[in-house]
Amino acid sequence: MTRTDPTDVPRPDAQLHFGVFFQGVNHWTIWSDPASGSQIDPASFLRVARTAERGLFDAFFLGDGQRLRESEGGIHELDVAGRPDSITQLSALAAATDRIGLVSTSNTTYNEPADLARRLAGLDLLSGGRAGWNMVTTHNAWTGENFRRGGFLDHADRYTRAEEFLTVARSVWNGWSEEAVAASADARSWSVPGAVGRVRSRGAHFDVDLAPTLPRSTQGHPVIFQAGDSGEGRDFGARNADVIFSAHGLDFDDALGFAEDVRRRLRAVGRPEDALRILPGTEIIIGATEKEAEEKARWVRLEQVTPAVALGIAGRLWNIDLSGRDADGPLPAEDPVIVEYTGKFGSSRFRDTLATVAEWRAKAEANGWSLREAVIELGPQRGHVGTPAGLAEKFARFVRYGAVDGFNVSPYLVPEGLDDIVDLLVPALQERGVYRTAYTGTTLREHLGLAPVE
Amino acid sequence: MPRPALRLAVELDGDGAHPAAWRRAAHAPAELLTPRRIARTAAAAENAGFTLVTLDDSILPPSSGAGPVGRIGAVERAAFVAAATSVVGVAPVVATTYAEPFHVSSQLSSLDHVSAGRAGWVVGTEEDPTAARAWGRPLVEGPEALAREARDGLRVVRDLWDSWEDDAVIRSVATSRYLDRERLHAIDFEGETYSVKGPSIVPRPPQGRPVVLARQDLVPAELTDVALVGGTTAAETGAAGEAAKAAGVPLAFAEIEVALDTPRESARERIADLERYSPWEERPDRLRYSGSAEGLVALLAELAAHVDGVRLLPLVLDEDLSVLSRLVLPELFVRRLATRPLPGTTLRTSLGLPRPVSRFATDTDAVSATPAALVREETR
Ligand SMILES: Cc1cc2nc3c(=O)[nH]c(=O)nc-3n(C[C@H](O)[C@H](O)[C@H](O)COP(=O)(O)O)c2cc1C
């Protein structure tokens, strides 16, 4: 089933870190249930953030997407959509929370470094050193239609721009020396002479000259998260990130393989292996018994993958409009239509259509699955399912063997979806000594156990 | 016919309107950039009874001389202030000279959501050419180009606010649809220098549109809710207010720099003290008042015949704000020259402004409505 565990637990004292990912744009957030709350009301954000803080989570996390998703014929209607500007929302949460980290996913293509670095630094100061930045590089021209320059960036340049962006941002954050402000009102000037530097940077992507306007925060500057999964993305993370938000956290071997790959890349660039934290995204579905948990998971999947959602997903695979067909019937009989991938629509497309369809047909036939069941079973597997004790054992093993440092949990229900994780799973983890029983620091960097910035 | 009472706004940026205000601040200089200081100042303004606080901004340092060179972004400060207060409106200064209007729209819309409908926007402009270098964008030069970027930015931002109709989120379990795409609209803006597709990524703000405050020379009257007017005399200021209203702006607010007598020192002495460090340049578009609290009340009573509100820019926040809250605002309220905002209402409601219907609204009620009914009742 899994690789044989080494006899010596490599990290017996390792602690699990949790973040919560308040999602906003896909079918994984159930909106049809009566318990489902608003996706935009500030009370929903506050409720989730405060629950996470009660559960001693490291971070509250918001994603990013700068164009409303579309499906054939117009705006995609089936899933939750509509969300706040992340830094604005997090600045409000800074006033209403005390300890939890506040992480904004912000794009390096459709932002400019002086502006974004300043916003993030402002959030960092307002929150007392709790800000994080998940750097994403989405660059498609379809998203670009909402911005001044349109889609200007080649795929090949997404990470060179991101890297130069980060270099400028870091210079902005480090532009003031410690004690840059006069100690008293009698001083010659408000800032200590020579203590506020200038950022001049001229590279392939940016040509800027500015005076940074903010001091360093309690944690130095925002914690850098990174979520690209390509080889280039992983190398970028190894060079620059404090935290990797990965999609490898479900299967132990896959998670360990990813973590070992990241550690290899870290060594290659001369960073210590513990220089960053790996927090895969996951759902966590809890029941009092295994059976109850499985039944709940089944319910969650059916609520997420409604017949219309199933037809939409299969329709994107086949490139055929399947609306009106029976999702609980068999897979479409016709062959898929092959179109070139355009990066449009913002929802995931399938890369190798023919092979995927062949695999779906074979598995559906072997298992007697309907179209909807095939979409559920063969789509991305999302979550850990089990009892509090069972999950705690499993997670303890993941973290002690270095497969993960924790998880970025996506609740499937807003705003209540985190409650049982905090109330049931966190105590089970604490009993096993793999989860903190109190915050020991005040900054996000401290929560994550990262070395201070120099 | 007497006008309704004045609405009161106050500018809370930095330590005050004077470039050397920090010399008289009641805190250590570095404290300026802390959340505690920002929350405390906002609470003082809210408790005093102001309807709106404004927060100045620029990507450039606030001072190029011996004054403060640090400032947290106004949108971030505004969101923080919104969460730390419950009644007062919050309006950051935001310039679209170089910023992305799409982001600005999302930010202000989100500010309106986090404040439950208390957001405003003071339309700014980045006139200093070095701002282009900071942004790394082509220089926008001259009054015409600056006005173009302000106007186009405002158009895009407003259209994006309108791009989600109020009831676009339908949560229809029967049809499996969370959204109704008929109630979401591309804005297809085509300007001289850029285009924007839309719709917004943020649902329609609670107020429909956050309140737009702007100088008259910067953006068209029909895009403005509150004209910020001024002059070097009360008569000039009053006339500017009347002119803005005649041009079709719903409300006019007079901009007044104020320095007040405190129990220990006269306004004149306080100004003289600060003038030792740097001059307080007069601006032709701002009235300036220095003197007693009673004198300010008398000035505001005079202006109340011509404008709908005032935006006060205090010499030193830590000194003038407390005189305003102890002596000026209570007197204005007692004499019914000014009103406080009502708890639980939006900034639009406090200002007596109707809630606008989306200009893309397909709703037959709205389309067939008479002009007066173009406003949908507050439903929050
Ligand atoms: C777990 C995970 C979460 C992500 N979240 C976002 C997001 O919220 N917004 C976004 O624009 N991109 C997001 N991405 C996309 C990546 O950050 C990245 O920009 C994209 O995958 C292209 O880089 P790559 O080719 O290295 O994967 C996410 C990726 C992963 C693996």
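Helix α3 of chain A covers residues 113–126, and its length can be checked with simple arithmetic: at 1.5 Å a residue, its 14 residues should span 20 Å, and the end C-alpha atoms are indeed 20 Å apart, so the two agree. Keep in mind that this is a predicted model. The helix also sits well inside: 14 of its 14 residues are buried, so α3(A) is largely enclosed by the rest of the structure. After α3(A) comes A:G128, with a positive phi near 65 degrees.

Now for the nonpolar interior. The largest core counts 165 residues, and A:F18, A:F57, A:F60 and B:I256 have the most contacts inside it. Take B:I256: leaving aside residues up to four places away in sequence, its contacts include B:L287, B:Y289, B:L299 and B:V310. Another core lies apart from the largest one; it has 20 residues, including A:A310, A:L322, A:W360 and A:V375.

Next, the ligand. There are 15 residues around it, and those that come nearest are A:D64, A:T138, A:R158, A:Y159 and A:S230. Here are some side-chain polar atoms paired with an oxygen atom of the ligand:

| Residue | Distance to a ligand oxygen atom |
|---|---|
| A:T137 | 3.0 Å |
| A:R158 | 2.6 Å |
| A:S230 | 2.5 Å |

Over in chain B, an unreviewed UniProt entry places the feature "domain: Luciferase-like" at residues 27–274. Across that stretch, the chain is 35% helix and 19% strand, and its end C-alpha atoms are 16 Å apart.

Terms used:
Residues are numbered from 1 along each chain as its sequence is written. Chains are lettered from A and ligands numbered from 1 in the order in which they are written. This is a predicted model: local features need pLDDT of at least 70, side-chain atom pairs count only at pLDDT 80 or more; totals for chains, interfaces and linings use all residues. Side-chain values use heavy atoms; hydrogens and water are left out. A nonpolar core is a set of buried Ala, Val, Leu, Ile, Met, Phe, Trp, Tyr and Cys residues joined through side-chain atoms within 4.5 Å. Buried means under 20% relative accessible area, exposed over 50%, partly exposed in between (1.4 Å probe, protein chains only). Contact means heavy atoms within 4.5 Å. Helices (H or I, at least four residues) and strands (E, at least two) are DSSP runs, numbered from the N terminus. The expected span of a helix is 1.5 Å times one less than its number of residues. UniProt positions are given in the numbering used here, feature names are shortened, and annotations may be inferred rather than shown by experiment. A residue is near a molecule or strand if one of its heavy atoms lies within 4 Å of it. A polar contact is a pair of N or O atoms within 3.5 Å; within protein, one must be able to donate a hydrogen and the other to accept it, and residues adjacent in sequence count only if both atoms are side-chain atoms.
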